[in-house]
Amino acid sequence: MAREEHQLEGLNFEQRHGKARVRVARVWRDTKSGNHYMVEWNVSISLLSDCLNAYVRDDNSDIVATDTIKNTVYVKAKECTEQLSAEKFAVLLGTHFTSFYKQVTAAIVNIVEKPWERVLIDGQQHQHGFQLGSERHTTEAIVKKSGGLQLTSGVEALSVLKTTQSGFEGFVRDKYTALPETRERMLATEVTASWKYSYEYVSSIPQNPLYFTQRYLDVKKVLVNTFFGPPKGGVYSASVQSTLFQMAKAVINSFPDISAIRLKMPNIHFLPVNISSKDNSIVKFNDDVYLPTDEPHGSIEATLSRFWSKM
Ligand SMILES: O=c1[nH]c(=O)c2[nH]c(=O)[nH]c2[nH]1
């Protein structure tokens, strides 16, 4: 992790500043085809810079104002005359701040992309109409003055559910255990994933401006396909843990430039409904009627990395 650490009167001091949640939308118009392309980004930037005097001497002469940081997002968006991925834009911003300001040693840029998707009207792609999807594309670029790079991408709020082919058996049973073993239950989760790319320098990332957009779509596809299995019959899940591991492994095996992946997969419970009065059963559960819940939920997370990589 990039750090700016100082010894102050025998104490350690670390600081950073920036602007969080800068919202920008960028539209690109292809005048030939009439098609419009757009993205909406929520950008957060932290600068690591030597501006200790602002903290201890009321001297702001080294501070890049957070208002300036915000303005820069719009200037750079304007300058991007061709479509590009959130990752490329994050790297571009990080490179700007670390090369334009001598006191800035590293920039941490986070972007969350809003899932605007081109609308289909009677199966035909609309030229300039978009509707909001569900899961969000995220990225973080940490750019050092040297051109060193740590690039991660991810997905948030990817909600998936299957109505069968899931069970949970053989777990610890003791005097606190009430959960029955089962080979038939619902499996629902909201996947949060982040994966690290192996590119270590700004200069070594692929040139194609939409490379990481395509990677995002491909990683999502591998995660979803592994979760569900084939359309006919699916695939059995012995636990959220087992499915999580298979999803992580499938991503690592499919993409040579991904060196690590972290997955968070809460187990969102659908409880069997059984209702009875004192005398008789009113609703008897037969793998049909469930009580959907969102809390409490099981919390299951893990990171899978190649030997030489850390998340
Ligand atoms: O897939 C599961 N993993 C668990 O760790 C767990 N714990 C639990 O109560 N149900 C489940 N299901």
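1. Let's start with Asn225, which you will find in helix H4, the helix that runs over residues 211-228. Is Asn225 buried, partly exposed or exposed? Its relative accessibility is 47%, so Asn225 counts as partly exposed; the upper limit for that class is 50%. Please keep in mind that this is a predicted model, here and in every point below.

2. While you have Asn225 on screen, look for Met247 as well. The two residues are 22 positions apart along the chain, and their C-alpha atoms are separated by 8.6 Å.

3. Now step back to the whole protein. How many helices and strands does the secondary structure come to? There are five helices and 16 strands. Taken along the principal axes, the box filled by the C-alpha atoms is roughly 80 × 65 × 40 Å.

4. A word on contacts and burial. Of the contacts with a separation of 6 or more, 65% are accounted for by residues 24 or more positions apart. The protein has 311 residues, and buried ones make up 39% of them.

5. The surface and the charges come next. About 17,900 Å² of the protein is exposed, and carbon and sulfur atoms supply 51% of that area. There are 36 positive side chains and 34 negative ones, and the centres of these two sets lie 3 Å apart.

6. On to the database record. Which residues does UniProt list as "binding site"? The unreviewed entry gives Thr66 and Asn267. They are spread over 202 residues of sequence, and they are also spread in space, with up to 39.5 Å between C-alpha atoms. Of these residues, Asn267 is included in the lining of the second largest pocket.

7. The same kind of question can be put to the "active site" annotation. In the unreviewed UniProt entry it covers Lys19, Thr66 and His269. This set spans 251 residues of sequence, and its members are spread in space too, up to 43.0 Å between C-alpha atoms. From this set, the lining of the second largest pocket takes in His269.

8. Thr66 deserves a visit, as UniProt names it under "binding site" and also under "active site". Where does Thr66 sit? Its place is in helix H2, which covers residues 66-79. The relative accessible area of Thr66 is 26%, so this residue is partly exposed; under 20% it would count as buried. Setting aside neighbours within four places in sequence, Thr66 is in contact with His17, Gly18 and Lys19. Lys19 is itself among the residues covered by the "active site" annotation.

9. Finally, have a look at His269. His269 lies in the loop between strand E11 (258-264) and strand E12 (270-272). With a relative accessible area of 27%, His269 is partly exposed. Which residues does His269 touch, not counting those up to four places away in sequence? They are Leu291, Pro292, Thr293, Pro296, His297 and Gly298.

Key
Residues are numbered from 1 along each chain as its sequence is written. This is a predicted model: local features need pLDDT of at least 70, side-chain atom pairs count only at pLDDT 80 or more; totals for chains, interfaces and linings use all residues. Side-chain values use heavy atoms; hydrogens and water are left out. Helices (H or I, at least four residues) and strands (E, at least two) are DSSP runs, numbered from the N terminus. Buried means under 20% relative accessible area, exposed over 50%, partly exposed in between (1.4 Å probe, protein chains only). Contact means heavy atoms within 4.5 Å. Accessible areas come from the Shrake-Rupley method with a 1.4 Å probe; for residues, only the protein chains shown count as cover. Lys and Arg count as positive and Asp and Glu as negative; His and the chain ends are not counted. The place of a charge is taken as NZ of Lys, CZ of Arg, CG of Asp or CD of Glu. UniProt positions are given in the numbering used here, feature names are shortened, and annotations may be inferred rather than shown by experiment. On a 1 Å grid over the protein atoms alone, a cavity is a set of points where a 1.4 Å probe fits but cannot get out, and a pocket is an open set with protein on both sides within 12 Å along at least five of seven lines; lining residues have an atom within 4 Å of a point.
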